[in-house]
Amino acid sequence: MRSDDRPQLAGIALSSPDKALFGEAGISKLDLARHYERVAGRMLPHVEKRLVSLVRCPDGQGSPCFFQRHGGKGFPEAVGRMEITEKSGERDDYLHIDDLAGIIAAVQMSTLEFHVWGSRIDRLDAPDRLVFDLDPDEELDFAAVRSAAFAVRTRLSDLGLESQPLLTGGKGIHVVAPLERRREWPDVKRFARGFARKLSKDEPDRFLAEASKEKRTGRVFVDWLRNERAATAIAPYSTRARPGAPVATPVSWAELKSIEAANAFTLADMAERLSGPDPWAESARWRQSITADMLSAVDAG
């Protein structure tokens, strides 16, 4: 296919558009790019102007994949670069997504997953989201994870933070609380750690606040480690590099009650999802942040 015959989306030409990226599901590179074009209106508010880590699978799902968060030679210019100082004191170029062209350019490079920072590039040290990743013991069914998500929601609400659920497309649920940018990472991490530890202390047979597979038997790990500088979480509406092309899907608390799996939605379901209301629309109007009283409440635990 000549370069001028390549299909273009958002100004990005796709080479090998028929290349199978989810072979078993029959999804090509062009199909995947069209997915992101379709969901862009809902996805971009949660992705734009954020540093990203990409899961790239050059030969498609089921083949070896790798994480990429630094700019590399030959990577499309539509994916932004930002030089930042790392913990080591060294500086390096990190990738960020600014618009649909950046997403499509990443798909051109066989990106199957987008993971985002919890802050925007204009204020990297001031997070605008709090994320608890509920990661269950492999023997637990989804009903237990779902119940855990509602418990986390209630605990956060009792402290003054409203939240929303994200089906990860894997086995767990992310409970996400949007924040105004009043606190920096150390305070947000302190709150997340204290909250998870208090939850584990109050319900030790149900929750775990440390990443230990050996201790997780029958319990849900409340992963609070997403809430620190340079940590990432799967982006809403990103596909997952798993069989069937599951999609990390925002849902409402009301509909979560009847959902049976964290990978309940795939690429094939997105047109129907988009025809209905945005389950996270209300959260755009929330004005909330982590207060001194909230920090004291979890520290006391």
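How much space lies in the largest cavity? About 50 Å³ of space lies there. The structure is a predicted model, in which local features need pLDDT of at least 70 and side-chain atom pairs count only at pLDDT 80 or more, while totals for chains, interfaces and linings use all residues. Residues are numbered from 1 along each chain as its sequence is written, and side-chain values use heavy atoms, with hydrogens and water left out.

Rolling a probe the size of a water molecule over the atoms shows where empty space is left. Here, a cavity is a set of points on a 1 Å grid over the protein atoms alone where a 1.4 Å probe fits but cannot get out, and lining residues have an atom within 4 Å of a point. Grid points are joined across faces, edges and corners, and a volume is the space filled by probe spheres set on the points. By this rule there is one cavity of 30 Å³ or more. Its lining consists of Val116, Trp117, Gly118, Arg129, Val131, Trp185, Arg226, Asn227, Ala231, Thr232 and Ala233. Strands S9 (111–117), S10 (129–136) and S15 (232–234) each give two or more residues to this lining. The lining holds six nonpolar, three polar and two charged residues; Ala, Val, Leu, Ile, Met, Phe, Trp, Tyr, Cys and Pro count as nonpolar, Asp, Glu, Lys and Arg as charged, and the others, Gly among them, as polar.

Now to the helices. Helices (H or I, at least four residues) and strands (E, at least two) are DSSP runs, numbered from the N terminus. Axes are lines fitted to C-alpha atoms, for helices over the stretch in contact, and angles run from 0 to 180 degrees between N-to-C directions. Helix H1 (residues 29–47) packs against helix H2 (residues 100–108) at about 155°, with axes 10 Å apart. That makes H1 roughly antiparallel to H2, a label for angles over 145 degrees (under 35 is roughly parallel, 65 to 115 roughly perpendicular and the rest oblique). The residues of this contact (heavy atoms within 4.5 Å) include Tyr36 of H1 and Ile103 of H2. They divide into 10 nonpolar, one polar and two charged.

Helix H4 (residues 185–202) takes part in the two remaining packings described here. With helix H7 (residues 292–299), the angle is about 40° and the axes are 8 Å apart, which makes H4 oblique to H7. Phe191 and Phe195 of H4 are among the residues in this contact, which has six nonpolar, one polar and four charged residues. With helix H3 (residues 142–159), the angle is about 120° and the axes are 12 Å apart, so H3 is oblique to H4. Phe191 and Phe195 also appear in this contact, among the residues that H4 gives. The contact of H3 with H4 has six nonpolar, no polar and two charged residues.

Definitions and conventions:
1 Å grid on protein atoms, 1.4 Å probe; cavity = no way out; pocket = protein on both sides within 12 Å on 5 of 7 lines; lining within 4 Å.
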